[in-house]
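User: Hi! I'd like to walk through part of this fold with you, one question at a time. Could you help me read it?
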Amino acid sequence: MTLTETPVCNFNEDAIDFNLPGVDGKNWTLADCAGEKGTLLMFICNHCPYVKAVRSRLVEDVLKLIDIGINSVALMSNDPADYPEDSFENMQRIANEFAYPFPYLIDETQEIARAYGAVSTPDFFGYNNEHKLQYRGRLDAGGMNPVTGDMKRDLLEAMTEVANTGQGPKQQIPGMGCSIKWKKDVS
C-alpha cells in the first residue's frame, strides 16, 4: 500500500465525459450521472484500506447529497489482474453489500483515471451543475479512524456549498489513500 495525497483543486476545470460499464449491467456517461446542482465523481476500489474504512460514511454522505441535487458516481480504475479483490465480480458484490446509492463503474483501460489525473483511492472530484471542478479534497477529518460527533465532514460541507452557490470552498484539505494500481506497460 502506497499512501498518496491528492493534488489541490484546479478550480473550474471541465469534467471529462466517459462511457463505462457499471455493476448494474448498464453503460453510464457523465450526463447519465449528473445531478441538477452538481456531480461528485469518486475514484474508489474494493481492496484499499482507506476506502474500506470510509465506505459506510461515504454512502451516508452520498445519500445526503442526493437530497440536495448532487448525484454521485464511482469509478474503479485499478488493475484487477494484479489486485483480484478489485475484479468486476467483487465490485458487484461490494456495491450490493454496502447498498451503493450511486453507479459503480469499471475503467478497464484506465483512460478515464488518467484523463482526470486521479492518483489515489479514494480521490474525490466535485463539480457544479456546469461541470466545473469545485472540490478535490478529503472525505472528512476521520480518515481511517471511527467517526466522532464533532468531526468535520469536508466533502459533504463542500458539496453542499456547491449545491447552494455553484462554488466550492477556497480552502481544501487534500485527500489521501492508496495509489491507483496502474497496469504495467507491455509495449
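User: Which residue in strand 5 does Gly38 stand opposite?

Analyst: Happy to help, keeping in mind that this is a predicted model. Strand 4 (residues 38–43) and strand 5 run parallel and are joined by 6 bridges. In that pairing, the residue of strand 5 opposite Gly38 is Ile70.

User: What is the handedness of the β-α-β crossover from strand 4 to strand 5?

Analyst: The chain leaves strand 4, passes through helix 2 and arrives at strand 5. Helix 2 covers residues 49–67, and strand 5 covers residues 70–76. The crossover is right-handed.

User: Which residue in strand 6 is the bridge partner of Met76?

Analyst: Strand 5 also pairs with strand 6 (residues 104–106), running parallel to it through 3 bridges. The partner of Met76 there is Ile106.

User: How many residues of strand 5 are buried?

Analyst: Buried here means under 20% relative accessible area. Strand 5 is mostly covered, and the count of buried residues among its 7 is 6.

User: Are helix 2 and helix 5 roughly parallel or roughly antiparallel to each other?

Analyst: Helix 2 and helix 5 (residues 154–165) pack with their axes 10 Å apart, at an angle of about 10°. Angles under 35 degrees count as roughly parallel. The two helices are therefore roughly parallel.

User: How many residues of the contact of helix 2 with helix 5 are nonpolar?

Analyst: Helix 2 contributes Asp61, Lys64 and Leu65, which meet Leu155, Leu156, Met159 and Thr160 of helix 5. Of these contact residues, 2 are charged and 1 is polar, while the number of nonpolar ones is 4.

Terms used:
Residues are numbered from 1 along each chain as its sequence is written. This is a predicted model: local features need pLDDT of at least 70, side-chain atom pairs count only at pLDDT 80 or more; totals for chains, interfaces and linings use all residues. Side-chain values use heavy atoms; hydrogens and water are left out. Axes are lines fitted to C-alpha atoms, for helices over the stretch in contact, and angles run from 0 to 180 degrees between N-to-C directions. Helices (H or I, at least four residues) and strands (E, at least two) are DSSP runs, numbered from the N terminus. Angles under 35 degrees count as roughly parallel, over 145 as roughly antiparallel, 65 to 115 as roughly perpendicular and the rest as oblique. Contact means heavy atoms within 4.5 Å. Ala, Val, Leu, Ile, Met, Phe, Trp, Tyr, Cys and Pro count as nonpolar, Asp, Glu, Lys and Arg as charged, and the others, Gly among them, as polar. Buried means under 20% relative accessible area, exposed over 50%, partly exposed in between (1.4 Å probe, protein chains only). Two strands pair if DSSP finds at least two bridges between them. A crossover is right-handed if, with the strands pointing away from the viewer, the path from the first strand over the helix to the second runs clockwise.
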